[in-house]
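User: Please take a close look at one strand of this model and tell me how it is placed among its neighbours. I am in my first year, so plain words will do.

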Amino acid sequence: MAFEELKQKQGVMWGSGPYQNVTDTISDLHEVVVDRIAPSGGERWLDLACGTGAVAERAARAGADVTGIDLAPALIDTARERAAAQGLEIDYRVGDCEHLDEIEDGSFDVVSSTCGVMFAPDHAATARELGRVTKPGGRLILVNWEPEGGLGKMFAMMKPFQPPPPDGVGVPFDWGRSEHVQELLGDDFELSFDRGTSTYTPSSGEEYWEVFSTSYGPTKSLADSLGDRREEFHRTFADFFDQNYPAPDGNGVAHVREYLLVEGTRR
């Protein structure tokens with residue numbers, strides 16, 4: 001499968017459910033991104049793989065001039081509806097972070113992505129575009145799930161149910177390794193790294209399943225593709241969280257998800 005065909009499928013996959021349900025589980029990460037940048041007003045801000053607009057909305061309310069780009073048309077439709085309902089002026093576009101053809105070099109003061117561009121298949125192409133569209137002295141901020149963290153382990157649990165990826169596709173969780181990010185972006189950006197955790201606390205593994213099997217593209221599309229194995233996947237998914245991530249008080253699940261925070265200044 002060529003990357004272009006894969007990305008068409010990804011655009012449908014990410015938009016296949018009400019993604020806002022998942023966005024709400026990482027609102028702490030969106031706050032981290034905007035707090036770290038601390039926009040003072042007037043910055044040109046590009047949020048890539050913007051989803052339904054959580055970071056874009058926060059940045060716009062802080063006074064930034066925001067553009068949000070996502071591969072999934074359905075997510076952009078939702079983001080536009082949300083912005084209109086809140087009276088926010090945000091330039092939302094359907095686009096590909098590997099080929100930002102409509103954006104001129106050095107256009108943005110801030111470029112961000114929260115657990116987004118890490119899922120693009122061509123890491124080197126994504127990195128080149130991040131460097132190209134950020135102006136000299138401009139700032140980059142990314143949040144990427146760590147491979148050995150809670151999200152990495154969730155995807156490892158899902159892997160036996162999935163077909164192998166096409167040849168040459170980058171491993172998304174490599175973006176959660178500082179050495180990989182340094183190799184990709186170090187020529188264009190002066191980088192610094194920090195780490196943090198985000199904890200999701202559904203009432204049970206079953207509630208986790210209900211949210212993610214209906215709203216999170218990778219889980220929903222996999223579940224919908226499995227036919228007779230769907231129930232096996234269902235039980236494996238719910239049991240994984242009940243057994244491995246019990247809440248400290250014994251009530252529900254506390255899924256600790258470790259992430260790498262990448263900050264950069266364009267050389």
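Analyst: Strand β1, residues 44-48, is mostly covered in this predicted model. Of its five residues, four are buried, where buried means under 20% relative accessible area.

β1 pairs with two strands, taken here in turn. One partner is strand β2, residues 65-70, and the two run in the parallel sense over five bridges. Among the residues involved, L48 of β1 has I69 in β2 as its bridge partner. To get from β1 to β2, the chain passes through helix α4, residues 54-61. This β-α-β crossover is right-handed.

The other partner is strand β4, residues 108-114. β4 is also parallel to β1, and three bridges join them. Here L46 of β1 stands opposite V111 in β4.

A side-chain contact can be added to this picture. The charged end of R44 sits over the ring of F108, 4.7 Å from the ring centre. R44 belongs to the residue range of β1, and F108 to that of β4. Why does this count as a charge over a ring? It counts because CZ of Arg has to be within 6 Å of the ring centre and within 35 degrees of the ring normal. Elsewhere in the model, R266 lies over the face of F189, at 5.8 Å from the ring centre.

As for side chains along a strand, there is a general pattern to keep in mind. In a regular strand they alternate between the two faces of the sheet.

Note on methods: Residues are numbered from 1 along each chain as its sequence is written. This is a predicted model: local features need pLDDT of at least 70, side-chain atom pairs count only at pLDDT 80 or more; totals for chains, interfaces and linings use all residues. Side-chain values use heavy atoms; hydrogens and water are left out. Buried means under 20% relative accessible area, exposed over 50%, partly exposed in between (1.4 Å probe, protein chains only). Two strands pair if DSSP finds at least two bridges between them. A crossover is right-handed if, with the strands pointing away from the viewer, the path from the first strand over the helix to the second runs clockwise.
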